[in-house]
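Trainee: I am new to this structure and would like a close look at a single part of it. Could you choose one part, describe it carefully, and place it within the chain as a whole?

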Amino acid sequence: MDKRQILKGLAFKLEEKGEYKSASSVFKRVLMKNQNYISSYRNLALAYAEIGMSNEAFSLLNSILNTKEIKGTGMFSISKNEINNLIQNNPTLDKTQLENSNLLYTGFDLRVLVDWSSNNSDIDLHIIEPSKEICYYNNPVTQIGGEISQDMHNGLGPEEYILKNAKKGDYFVKLTYDNKSAENTDKESTFAKITIFKNYGKPNQIKTTKVVKLDKNQGEVIVAKITI
């Protein structure tokens with residue numbers, strides 16, 4: 001198994017336990033081994049934000065937004081939400097280096113993300129809304145306003161679901177995946193990290209993190225139920 005994949009899975013598990021300082025150390029090692037992957041910068045930035053290293057987190061997220069190759073991609077819109085959330089949570093943060101076009105207010109009743117540990121896996125996020133309408137890459141905007149980020153694949157996660165005004169009811173988080181790293185061996189598994197925010201960007205924001213092991217070549221699985 002790729003050592004970077006093992007380290008990333010370890011960091012996900014540490015985040016699930018709330019051990020963000022240890023996770024940031026692991027993500028830093030991953031970044032040193034994956035400097036060509038934008039996701040490595042983002043993972044470290046978010047871990048830094050959790051341990052109060054706001055300036056470092058801002059710098060990393062801003063470097064992502066300044067990468068021309070990702071303009072207009074899912075990674076760009078996701079990182080844009082995250083840097084603005086960082087600013088909202090840290091009003092004294094120096095944001096002069098952020099382009100005005102990247103400033104926005106991030107306030108969502110529900111935000112769900114999936115990250116994965118293997119660059120050889122393709123994972124798609126599906127959200128089943130209370131009406132049973134499914135928000136996913138073939139139905140990226142739902143009737144109640146749910147939005148899925150642009151489809152990411154070939155190691156270019158994460159994927160994101162956002163909903164500004166959530167309707168009451170149950171929301172189910174489903175993953176469909178093509179786990180190429182599991183082919184021909186039962187020793188190489190992909191770990192998916194599901195991050196769920198209620199009231200994202202608001203004073204009563206609640207965050208939960210869950211890590212699941214995907215050890216089959218292909219499949220689909222319901223990984224979380226969210227009640228609003």
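Mentor: Let us begin with the chain and then narrow the view. Among contacts in the protein chain between residues at least 6 apart in sequence, 64% join residues at least 24 apart. Please keep in mind that this is a predicted model, and that the values discussed here are computed from it. The protein chain holds five helices and nine strands, and along the sequence these follow the pattern α-α-α-α-α-β-β-β-β-β-β-β-β-β. The radius of gyration of the protein chain is 17 Å, close to the 17 Å that the globule rule gives for 228 residues, so the chain is as compact as a globular protein of that length. Along its principal axes the C-alpha trace spans about 50 × 45 × 35 Å, and buried residues make up 50% of the 228 residues.

The part I would choose is helix α3, which runs over residues 38–50 and so has 13 residues. From its first C-alpha to its last, α3 reaches 19 Å, close to the 18 Å expected at 1.5 Å a residue. Within α3, the buried residues are S39, S40, R42, N43, L44, A45, A47 and Y48. The cover over these buried residues of α3 includes the helices α1 (3–16), α2 (20–33), α4 (54–65) and α5 (74–89), together with the strand β1 (108–116). Just after α3, G52 takes a positive phi of about 85°.

One residue of this helix deserves a slower look, namely R42, whose place is in α3. R42 has a relative accessible area of 2%, and because buried means under 20%, R42 counts as buried. Leaving aside residues up to four places away in sequence, R42 touches I64, M75, I78, S79, E82, L113, D115 and P158.

Helix α5, one of the elements that cover the buried residues of α3, is itself mostly covered, with 13 of its 16 residues buried. At 1.5 Å a residue, the 16 residues of α5 should span 22 Å, and its end C-alpha atoms are 23 Å apart, which agrees.

To return to the whole chain, the protein chain exposes about 11100 Å², of which carbon and sulfur atoms supply 47%. The protein chain also has 30 positive and 27 negative side chains, and the centres of the two sets lie 4 Å apart.

Terms used: Residues are numbered from 1 along each chain as its sequence is written. This is a predicted model: local features need pLDDT of at least 70, side-chain atom pairs count only at pLDDT 80 or more; totals for chains, interfaces and linings use all residues. Side-chain values use heavy atoms; hydrogens and water are left out. Helices (H or I, at least four residues) and strands (E, at least two) are DSSP runs, numbered from the N terminus. The expected span of a helix is 1.5 Å times one less than its number of residues. Buried means under 20% relative accessible area, exposed over 50%, partly exposed in between (1.4 Å probe, protein chains only). Contact means heavy atoms within 4.5 Å. The radius of gyration is taken over C-alpha atoms; the globule rule is 2.2 Å times the number of residues to the power 0.38. Accessible areas come from the Shrake-Rupley method with a 1.4 Å probe; for residues, only the protein chains shown count as cover. Lys and Arg count as positive and Asp and Glu as negative; His and the chain ends are not counted. The place of a charge is taken as NZ of Lys, CZ of Arg, CG of Asp or CD of Glu.
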